[in-house]
Amino acid sequence: MASTSSSNPGGGSVGGQSRCFQEWISIQEDDLAEMISALNAKEDGDQNDKDAFLRQLIQKTMDHFKNYAEQRIIMARKRVSTMFVPPWCSSLENSHLWIGGCRPSGLFHLAYTISGQEMETRVFEMFERSRAGATDYDFGDDFGEDAMSATQFVELQNLQIRTIKKEDRLTSEMALLQDKIPDDPIAVLVMKKEMADFSEEEEKINGELDDALDEHEKSMELMLEQADKLRIDTLKELLDILTPVQAVNFLVAGKKLHLCIHQCGKRRDRLHNSSIHCPDETSNRDQITRIDELQQKIILDENYQSSKLANLQNEMLDIPQAAAVLQESGCGDVDGNKMIEKNGPTMVSLLEEADRIRLKALEEIIEILTPSQAVDFLAAGKKVRICMQEWGKERDHHHGRN
């Protein structure tokens with residue numbers, strides 16, 4: 001299947017973006033079928049010819065990834081917010097997103113999972129033959145063309161370290177960008193809008209607020225572009241470390257896992273009629289000092305929970321969960337449910353802990369403030385939240401969201 005056209009990649013509407021994503025899913029399905037066929041082909045002909053053909057498939061897949069990333073940036077320039085919590089994905093998928101996509105560091109967990117499976121299988125075969133009395137098996141042999149060498153493991157680990165540093169930098173930048181919503185100038189403009197007495201004054205503030213939000217969205221576009229670039233660059237470098245057969249096996253495993261989670265997530269949304277509720281969070285002599293100290297403590301709690309969430313996201317690609325999916329050629333319901341349900345209690349626990357941190361921050365801030373300050377603070381927070389919700393709906397309507 002040909003890659004999607006870049007002349008009009010879905011347009012600015014949510015429906016157009018959704019169609020682009022569905023076409024991307026179809027491309028992945030076609031690429032998956034082609035790679036599986038190539039891996040299952042008979043071992044006839046020269047190995048160099050087979051490696052050359054596999055390299056062509058790898059390059060074709062990389063071209064599809066790059067083309068889709070380019071289309072995402074074009075669409076983000078028109079509707080960037082939906083790229084971070086896409087309505088065309090399931091709530092399960094959205095709960096594991098990192099800046100609009102997968103975590104680059106998760107690729108390494110998948111690579112280690114596949115290599116661990118291969119090694120475990122071959123060790124099992126060795127011992128089974130030994131128990132059967134076979135004497136012709138050389139335990140000093142390597143583990144076959146699919147298994148990674150020690151040199152490859154070292155190269156992967158070095159790449160993983162570099163990738164995690166870049167990933168952490170983008171995560172910190174994204175946190176700073178999110179903190180700008182309850183900060184100047186957006187929050188100040190929202191408060192001015194609430195106090196405006198005349199329609200002309202309100203219209204002027206609306207224009208200023210639009211300008212501030214447009215600037216904020218430009219920063220979100222840049223974050224998405226940088227995150228997609230890191231995802232693409234990491235995948236390319238990882239594939240370059242692997243042999244052609246290993247690289248195709250890795251791509252097959254990744255596509256199977258992605259498609260299976262997408263299908264399982266959609267099915268579970270239909271069964272549970274689930275919806276996403278995005279929480280909101282906010283952040284003056286002795287009081288300012290106490291609030292600063294509280295802020296540092298809350299940030300530590302936030303970072304700790306963020307690391308736990310990152311670990312949970314990586315577990316979706318780790319042993320034994322990914323192994324259970326990859327062993328099946330079809331993505332059966334039982335394996336998908338087991339993988340997801342195992343993470344269910346942890347996800348609930350993370351949500352409960354995040355809510356506890358939010359409540360703790362709110363309660364301690366109110367304790368620091370005087371009653372009058374606390375009421376003003378709560379009123380301001382509610383106004384910002386309600387106004388941002390209404391403003392978001394207006395912008396969605398303006399951009400043609402259904």
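Is Arg162 buried, partly exposed or exposed? Arg162 is partly exposed, with a relative accessible area of 42%. The legends below describe a predicted model.

**Figure 1. Overview of an all-helix pattern, α-α-α-α-α-α-α-α-α-α-α-α-α along the sequence.** The protein has 13 helices and zero strands. Of its 402 residues, 39% are buried. The exposed surface comes to about 22,800 Å². Carbon and sulfur atoms supply 52% of that surface.

**Figure 2. Close-up of the aromatic pair Trp24 and Phe65.** Four aromatic pairs turn up in a search of the whole structure. In this one, the ring centres of Trp24 and Phe65 are 5.3 Å apart. Their planes meet at 65°, and the pair is edge-to-face. Trp24 sits in helix 1 (residues 14–40) and Phe65 in helix 2 (residues 47–79), so the contact ties together parts 41 residues apart in sequence. Trp24 is buried, at 6% relative accessibility. Tyr68 joins Trp24 and Phe65 in one aromatic cluster.

**Figure 3. Close-up of the aromatic pair Tyr112 and Phe153.** The pair is stacked because the planes lie at 20°, with ring centres 6.1 Å apart. Tyr112 belongs to helix 5 (residues 106–131) and Phe153 to helix 6 (residues 150–179). The two residues are 41 residues apart, and their pair links distant parts of the chain. Tyr112 is partly exposed at 21% relative accessibility. Phe153 is partly exposed too, at 23%.

**Figure 4. Close-up of helix 6 and its buried residues.** Helix 6 has 30 residues. At 1.5 Å a residue it should span 44 Å, and its end C-alpha atoms are 43 Å apart, which agrees. Buried residues in helix 6 include Leu156, Leu159, Gln160 and Thr163. Glu167, Leu170, Met174 and Leu177 are also among them. Why does spacing matter in such a list? An α-helix has 3.6 residues a turn, so residues three or four places apart point the same way.

**Figure 5. Close-up of the salt bridge between Glu237 and Arg162.** The N to O distance is 3.3 Å. Glu237 lies in helix 8 (residues 199–241) and Arg162 in helix 6, 75 residues apart. Glu237 is partly exposed at 33% relative accessibility. Arg162 is partly exposed at 42%.

**Figure 6. Close-up of the salt bridge between Glu34 and Lys60.** The structure holds 11 salt bridges. Here the side chains of Glu34 and Lys60 meet at 2.9 Å, N to O. Glu34 is in helix 1 and Lys60 in helix 2, so the bridge ties together parts 26 residues apart in sequence. Glu34 is partly exposed at 29% relative accessibility. Lys60 is partly exposed at 28%.

**Figure 7. Close-up of the salt bridge between Lys236 and Asp240.** The N to O distance is 3.2 Å. Both residues lie in helix 8, four residues apart, about one turn of the helix. Lys236 is partly exposed at 40% relative accessibility. Asp240 is exposed, at 54%. Elsewhere, Arg72, Asp228 and Arg231 are linked in a network of salt bridges.

**Figure 8. Close-up of Asp269, a buried residue with no salt bridge.** Asp269 lies in helix 9 (residues 244–272). What is the nearest side chain of opposite charge? That side chain is Lys266, 5.8 Å away. A polar contact of 2.6 Å joins the side chains of Asp269 and Ser91.

Definitions and conventions: Residues numbered from 1 in each chain as written. Predicted model: local features only at pLDDT ≥ 70, side-chain atom pairs only at ≥ 80, totals over all residues. Heavy atoms only, no water. Phe/Tyr/Trp six-rings, centres within 6.5 Å; stacked < 30°, edge-to-face > 60°. Buried < 20%, exposed > 50% of the residue type's maximum accessible area, 1.4 Å probe, protein only. Areas by Shrake-Rupley, 256 points an atom, 1.4 Å probe, with all protein chains shown as cover. Expected span 1.5 Å × (residues − 1). Lys, Arg positive; Asp, Glu negative; His and termini not counted. Salt bridge = Lys/Arg side-chain N within 4 Å of Asp/Glu carboxyl O. Polar contact = N/O pair within 3.5 Å; in protein donor to acceptor, adjacent residues only side chain to side chain.
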